[in-house]
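Q: Please take a close look at the charged side-chain pairs in this model, and explain where each partner sits and how far it is covered.

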Amino acid sequence: MLTSIAGRSVIVTGASKGIGKGIARVFARNGAKVLVVSRHIDEAEAFAEALRQDGGIASGFAADVTDAGDMQMMADAAASAHGGIDILCANAGIFPQGKIEDLSAEDWDHVMATNLKGTFLPVKACLPYLKASDQPRIVITSSITGPITGFPGWTHYGASKAGQLGFMRTACIEVAKYGITVNAVLPGNILTEGLIGLGEAYQNSMAASVPLKKLGTVEDIGYAALFLASKEAAYITGQTIVVDGGQTLPESMDALNT
Ligand code: NAP
């Protein structure tokens, strides 16, 4: 068991739904003090309350990751509520689909603003607090889509998710002198509310393309983030952990089904 998370102050952006909920839940169950962030205070606070009911320490905060002022207020709120910031999980992201011919410049900018600027801004705002921590960690939620794989309709999304890794590889060098590590988790297909809403047939067809023959859970991503945030991971920086049930590995359908 990783024992170095209890009492740590953790921010999880995009924690009112999906993967962010899984990350926040895993950290809260391991004794962290969690700030649950989304643009909607009712949803952020409802999930923070669920974590408290489960025995955790958590509070909700409304902020938009594309807004520098919001990110500053978020960092200040986490520090004053939880006594500093040790771990930032930059997880909020969007994945609207649209083929190149149908995408507008505004569609492109919206995805980049949320996924890429929305990674840079919370990191920038949290940096002064992270520098004061003795176990400072940044964990970015990227994706297999972009860094490793492609999917028609997601050029903007894939570019933003690959861009997060470019950001990470320089950021980790810049902040290494403060002992801050910066790593990324690359989820495959994860069972979120959104994916469940697409129906059982869709889930089954996605699961069939995964060697482990099932979709991941949001907690699967939470545990990878937990490891990267632990004391035990202190010497790992600028790296990625793929959590995809082996989805990116088969060379062909034969390789998958033999
Ligand atoms: P989701 O279920 O749609 O949840 C997205 C979360 O982000 C929500 O809490 C949403 O809350 C928040 N959010 C969106 N825009 C925001 C903004 N501008 N400012 C602050 N919060 C914002 O998404 P998900 O599937 O869990 O995805 C989470 C991350 O995992 C994303 O970075 C995504 O790229 C990555 N990922 C997901 C999968 C997958 O299978 N689901 C696979 C690979 C990677 P509000 O709407 O209330 O703001």
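A: Among contacts between residues at least 6 apart in sequence, 73% join residues at least 24 apart, in a model that is predicted. The protein has nine helices and seven strands. Its radius of gyration is 18 Å, which agrees with the value near 18 Å that a compact globule of 258 residues would have. Buried residues make up 50% of those 258 residues.

Turning to the charges, the 19 positive and 25 negative ones have mean positions that are 7 Å apart, and the count of salt bridges comes to eight. One of them is formed by the side chains of R8 and D86, with N and O 3.3 Å apart. This pair links distant parts of the chain, since R8 belongs to the segment before β1 (9–13) and D86 to the loop between α3 (68–82) and β4 (87–90), 78 residues apart. R8 counts as buried because its relative accessibility is 15%, and D86 is likewise buried because its relative accessible area is 12%, each value being under the 20% cut-off. The pair does not stand alone, for R8, D86 and D134 are linked in a network of salt bridges.

A further salt bridge joins K21 and E193, whose closest N and O atoms are 3.3 Å apart. Because K21 lies in helix α1 (residues 18–29) and E193 in helix α6 (residues 193–196), this pair ties together parts that are 172 residues apart in sequence. K21, at 22% relative accessibility, counts as partly exposed, and E193 is also partly exposed, with a relative accessible area of 40%.

Helix α1 also contributes to the salt bridge between R29 and D54, where the closest N and O atoms are 2.7 Å apart. R29 lies in helix α1 and D54 in the loop between α2 (41–53) and β3, so the pair ties together parts that are 25 residues apart in sequence. Here the two partners fall into separate classes: R29 is exposed, with a relative accessible area of 56%, whereas D54 counts as partly exposed at 42%.

The strand that follows the loop of D54 is β3 (residues 57–62), and S59 has its place there. S59 is buried because its relative accessible area is 19%. Leaving aside residues up to four places away in sequence, S59 touches V34, L35, V36, E45, A48, R52 and H82.

Definitions and conventions
Residues are numbered from 1 along each chain as its sequence is written. This is a predicted model: local features need pLDDT of at least 70, side-chain atom pairs count only at pLDDT 80 or more; totals for chains, interfaces and linings use all residues. Side-chain values use heavy atoms; hydrogens and water are left out. Helices (H or I, at least four residues) and strands (E, at least two) are DSSP runs, numbered from the N terminus. The radius of gyration is taken over C-alpha atoms; the globule rule is 2.2 Å times the number of residues to the power 0.38. Buried means under 20% relative accessible area, exposed over 50%, partly exposed in between (1.4 Å probe, protein chains only). Contact means heavy atoms within 4.5 Å. Lys and Arg count as positive and Asp and Glu as negative; His and the chain ends are not counted. The place of a charge is taken as NZ of Lys, CZ of Arg, CG of Asp or CD of Glu. A salt bridge is a side-chain nitrogen of Lys or Arg within 4 Å of a carboxyl oxygen of Asp or Glu.
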